[in-house]
Structures are given as C-alpha cells and as structure tokens.
Amino acid sequence: MRILLLGAPGVGKGSQASRIAKTLSIPHISTGDLFREQIAENTDIGRKVSSFINQGILVPDEITVDILAKRLINDDCRSGFVLDGFPRTIQQGQRLDKILKEMNINIDAVVNISLDDSSIVRRITGRRTCSSCGAIYHIEDYPPKTDGVCNNCSGALTNRSDDLPSIIQQRLQIYHDQTKPLIDYYMSKVKFVHIESDKLITVTTRKVYEALEIFDNIEMKDVDGHETITE
C-alpha cells in the first residue's frame with residue numbers, strides 16, 4: 001500500500017506515518033529525515049538544505065526531488081511506503097506524479113491531517129528533542145522527569161532550530177499559501193481521507209486506520225502512558 005500524508009507542520013504526520021509503516025511493514029519515508037541525514041553527514045547538499053530550513057523556507061524542488069527519487073528506488077519500497085513531508089507544493093505534486101509514473105506505481109490513498117494554527121504553535125514551541133537518542137518530549141503534555149534531561153539516555157533536550165515561534169509562523173504561512181492547495185489537487189485523483197488531529201496520537205491513529213480500513217496488528221498502547229507528536 002502506498003500512502004501519502006498531508007498536513008501543516010506540527011499536526012502529527014510523522015507520528016501517524018511511523019505507526020502506519022510499522023503496522024503494514026512498509027518504510028516510512030520522510031523528506032525531513034532525508035534532509036537531516038544529509039545535514040548530519042555534512043554533505044554539500046546537507047549544508048544547502050540546512051540553510052533553507054534555518055530560514056523557514058522550502059528546500060528547492062530540484063534538491064528535494066533528487067533525494068526522494070533515489071530513496072524510492074530502494075528494494076524496501078517495492079511493497080509500498082508511507083510518504084511524509086512531500087509534496088509540499090502543486091509543482092512538487094506534479095513532479096511526484098511523474099516519478100511514480102516512470103516507476104509504474106500509483107498512490108493508493110492520501111490522508112490529510114488538520115489542526116488549527118494556535119494549537120500547532122503550542123505543540124511545536126513546547127517540543128523538546130534529545131540530542132543523543134532522538135526521543136521527543138513536550139514541556140506541558142509530556143515533560144521529562146528532570147528538566148532538560150532525557151528519561152532514556154540522560155542526553156540534553158533541545159529545541160529544533162526551526163521550532164522558534166517566528167520560524168513556525170513563517171512555516172504555517174508557507175503551508176497555507178503553497179501546500180494547502182494540494183488538498184484540492186489530490187481529492188479528485190485518489191482515495192482522499194480527512195482526519196482532525198487529536199491531542200492523543202492513539203485517537204488520531206484509530207481515525208486513520210478506520211478510514212483506510214487497516215484493522216490488523218494495531219498497537220494502541222502509549223509509551224510510559226504518554227503521547228508525543230512529531231510532524
């Protein structure tokens with residue numbers, strides 16, 4: 001099954017994509033993760049990507065498409081994938097259509113996850129990420145046992161460089177101007193599902209699974225009784 005997730009930053013696309021991928025045993029492909037891999041490896045592309053992200057603007061299409069196309073040809077994508085973070089513009093949607101056509105595959109469903117802007121800002125500004133193991137916390141919804149310290153590995157908790165309020169507002173404006181039109185673009189093309197994001201990941205997951213008719217092997221237990229949300 002090939003699924004594409006849409007939604008503004010902070011609505012929980014990454015969390016839902018990870019759960020779907022685990023349930024269906026298919027890869028979760030996030031352009032954000034692909035970008036961060038390039039940044040961590042300090043490649044030429046990574047340095048360019050970092051500059052764009054830190055300014056709160058979209059990475060140019062030619063860079064994004066090239067990185068994604070190389071990922072989609074991997075063997076683990078043959079039985080399907082969950083695509084998160086791409087496309088973010090109509091032009092990228094058209095480029096993705098071309099890539100998939102050349103690979104002779106189709107998107108089976110598009111899931112649009114929504115949430116009001118004020119709730120998104122609250123979610124993102126309160127998010128903290130472990131610099132060592134990548135665990136995610138929230139200062140109100142899921143605070144660490146010790147302020148600024150990861151429960152799992154005692155690593156330092158930090159804000160992502162693009163989680164500052166001014167950057168978030170820029171990202172939301174870009175979403176409304178450039179990404180939201182993809183809703184109309186896909187509604188007439190494939191099975192389209194609209195889900196409102198809930199504070200609890202499991203509630204949102206259940207909505208998504210019911211809409212996609214995914215019923216097997218659904219894991220609804222929270223880690224430590226808490227929920228954390230990734231983009």
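Here is a short chat about reading the strands and the cavity in this predicted model.

Me: I see arrows lying side by side. How do strands hold on to each other in general?

Reply: Strands of a sheet pair through backbone hydrogen bonds, and the pairing can be parallel or antiparallel. In this model, there is an open sheet of five strands, paired in parallel and ordered 2-3-1-4-8.

Me: Which strands stand at the edges of that sheet?

Reply: Those are strand 2 (28–30) and strand 8 (191–196). Each has a single partner strand, so one side of each is left without a neighbour in the sheet.

Me: And by how much are neighbouring strands turned against each other?

Reply: On average by 20°, with direction ignored.

Me: Can we zoom in on one pair? How many bridges join strand 4 to strand 8?

Reply: Six, and the two strands run parallel. Strand 4 covers residues 109–114. To find a spot to look at, go to serine 114, which sits opposite glutamate 196 in strand 8.

Me: Which strands does helix 1 touch where it packs on the sheet?

Reply: Helix 1 touches strand 1 (2–6), strand 2, strand 3 (81–84) and strand 4. The direction of helix 1 makes about 165° with that of strand 1.

Me: Now the other kind of pairing. In which sense do strand 5 and strand 6 pair?

Reply: Strand 5 (residues 127–130) and strand 6 (residues 136–138) are antiparallel, with three bridges between them. One match to look for is arginine 127, whose bridge partner in strand 6 is histidine 138. The two strands form a hairpin, with five residues between them. In its turn, glycine 134 has a positive phi of about 85°.

Me: Strand 7 pairs with strand 5 as well, and how many bridges join them?

Reply: Two, with strand 5 and strand 7 (residues 157–158) running antiparallel. Here cysteine 130 has leucine 157 of strand 7 as its bridge partner.

Me: Let's leave the strands. What about empty space inside: how many cavities of 30 Å³ or more does the structure hold?

Reply: Just one. Its volume is about 40 Å³. Eleven residues line this cavity, and the closest to its centre are Val11, Gly12, Gln16, Ser197 and Thr204.

Me: Which elements give two or more residues to that lining?

Reply: Helix 1 (13–24) and helix 9 (201–212). So helix 1 turns up twice in our chat: it packs on the sheet, and it helps line the largest cavity.

Me: How do the lining residues divide by type?

Reply: Four are nonpolar, five are polar and two are charged.

Definitions and conventions:
Residues are numbered from 1 along each chain as its sequence is written. This is a predicted model: local features need pLDDT of at least 70, side-chain atom pairs count only at pLDDT 80 or more; totals for chains, interfaces and linings use all residues. Side-chain values use heavy atoms; hydrogens and water are left out. On a 1 Å grid over the protein atoms alone, a cavity is a set of points where a 1.4 Å probe fits but cannot get out, and a pocket is an open set with protein on both sides within 12 Å along at least five of seven lines; lining residues have an atom within 4 Å of a point. Grid points are joined across faces, edges and corners, and a volume is the space filled by probe spheres set on the points. Helices (H or I, at least four residues) and strands (E, at least two) are DSSP runs, numbered from the N terminus. Ala, Val, Leu, Ile, Met, Phe, Trp, Tyr, Cys and Pro count as nonpolar, Asp, Glu, Lys and Arg as charged, and the others, Gly among them, as polar. Two strands pair if DSSP finds at least two bridges between them. Axes are lines fitted to C-alpha atoms, for helices over the stretch in contact, and angles run from 0 to 180 degrees between N-to-C directions. Contact means heavy atoms within 4.5 Å.
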